[in-house]
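Colleague: I am new to this structure. Please take one part, the paired charges, and look at it closely with me. Then show me what lies around it.

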Amino acid sequence: MRHILSSKQFSRKDLEYLMSEARKMDEVLKKGGSRMFDEKIMATLFYEPSTRTRLSFESAMHRLGGKVISETDVTFSSQSKWEILADTIRIVSGYSDIIAIRSKNTGDALLASEYSHVPIINAGDGAGEHPTQSLLDLYTITKEFPQIFTDSPLKITFIWDLRYGRTVHSLSLLLRNFPHVTLSFIAPENLNLPEEYRQSNDIFSDTLSLEVLSESDVIYMTRVQKERFPNIETYDAVKNAFIFDTDTVKMMKKTAILMHPLPRVNEISLDVDSLPQARYFAQAQNGVPMRMALIKYCLEG
Ligand code: NCD
């Protein structure tokens, strides 16, 4: 059975395959969708807030002709009656053909996969990983820079909450499959990338230099994950550390792109949206074809 639990599970060959599958799904979408999985049911269990991830999974399933059952508020879930996750998964996997789960605890998706009769997709496990977001992020990058597959050099810079930002953890893991990509990580010291995701040739800094800003091909901005901070004082100390406005973005290369998994708080000002480098809305849109490709990958696996 094919689960999607961590970006670590994908080889370069898998990524090439999944990106080409997402391109095919973009074509399917242009024709209005397909009936490929009209007998299948997806369960979405979301025990943390979500807009894009849950709705793009559900949209993807509907576009493939499938159906969706959903649990989105822990107060209405048996989890609020202290049901353990293992029991919930045993039951829900009897009601559905595939489960996408988001939860507060790192490792929950892996745990779910041990009790499930159907494929589990990790839609974000606390401050751990968010592999499907990183796949749509990679899809966005490959659309813009197809030369990543021919091992041309590319500079990608991650900014801000790299400690709790699970999308950064997962995307950095995927990018390890492309040795010509140079990664820079810019964050206040207490928010930098956890040791387990680092490699010796990475660049780390607590300030964004003009050199990095003007030479990056991709800047991947993130939100400070306030909800994961131990206290409000630590959050207040960093909450305005990096703000991208039009002046900042004008110093980026003309061909560079500015990405963000969204939601944004104050880290990208609204007037940046109309600049040619802004790619975050197109990035979110890529969630649908990419998740269609992932549903197919799991259901046919
Ligand atoms: C991200 C997440 O949930 O980790 N959002 C998303 O899925 N697009 C990023 C965030 O919440 O900051």
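Modeller: Asp273 is partly exposed, because its relative accessible area is 27%. Its side chain meets that of Arg264 in a salt bridge, at 2.7 Å from N to O. Salt bridges can also share partners, and such sharing joins Glu21, Lys24, Lys296 and Glu300 into one network. Bear in mind that this is a predicted model. The count comes to 18 salt bridges.

Why do such pairs form? Side chains of opposite charge can pair when their charged atoms come close.

Take Lys143 next. Lys143 forms a salt bridge with Asp26, and the closest N and O atoms are 3.1 Å apart. This pair links distant parts of the chain. Lys143 sits in helix H5, residues 131–144, and Asp26 in helix H1, residues 12–30. The two are 117 residues apart. Are these partners buried or exposed? Lys143 counts as partly exposed, because its relative accessibility is 43%. Asp26 is buried, because its relative accessible area of 19% is under the 20% cut-off.

Stay in helix H1. Here Glu27 and Lys30 meet through their side chains in a salt bridge, 3.1 Å from N to O. They lie 3 residues apart, about one turn of the helix. The spacing matters: an α-helix has 3.6 residues a turn, so residues three or four places apart point the same way. Glu27 is partly exposed, with a relative accessible area of 38%. Lys30 is exposed, at 66%.

Now a charged residue with polar contacts. Glu58 is found in helix H2, residues 52–63. Glu58 is buried, with a relative accessible area of 11%. What does its side chain reach? One polar contact goes to the side chain of Thr44, at 2.7 Å. Another goes to the side chain of Ser70, at 3.0 Å. Leaving aside residues up to four places away in sequence, Glu58 touches Thr44, Val68 and Ser70.

Helix H6 gives a view of cover. This helix spans residues 166–175, and 10 of its 10 residues are buried. Among them are Arg166, His169 and Leu175.

Finish at the surface. Ile69, Ile91 and Tyr95 make a nonpolar patch of about 290 Å². Tyr95 has its place in the loop between helix H3 (85–92) and strand E3 (98–103). Tyr95 is exposed, because its relative accessible area of 53% is over the 50% cut-off.

Methods. Residues numbered from 1 in each chain as written. Predicted model: local features only at pLDDT ≥ 70, side-chain atom pairs only at ≥ 80, totals over all residues. Heavy atoms only, no water. Buried < 20%, exposed > 50% of the residue type's maximum accessible area, 1.4 Å probe, protein only. Helix = DSSP H or I, 4+ residues; strand = E, 2+ residues; numbered from the N terminus. Polar contact = N/O pair within 3.5 Å; in protein donor to acceptor, adjacent residues only side chain to side chain. Contact = heavy atoms within 4.5 Å. Patch = residues over 30% accessible without salt bridge, like charges linked within 9 Å, V, L, I, M, F, W, Y side chains within 5 Å. Areas by Shrake-Rupley, 256 points an atom, 1.4 Å probe, with all protein chains shown as cover. Salt bridge = Lys/Arg side-chain N within 4 Å of Asp/Glu carboxyl O.
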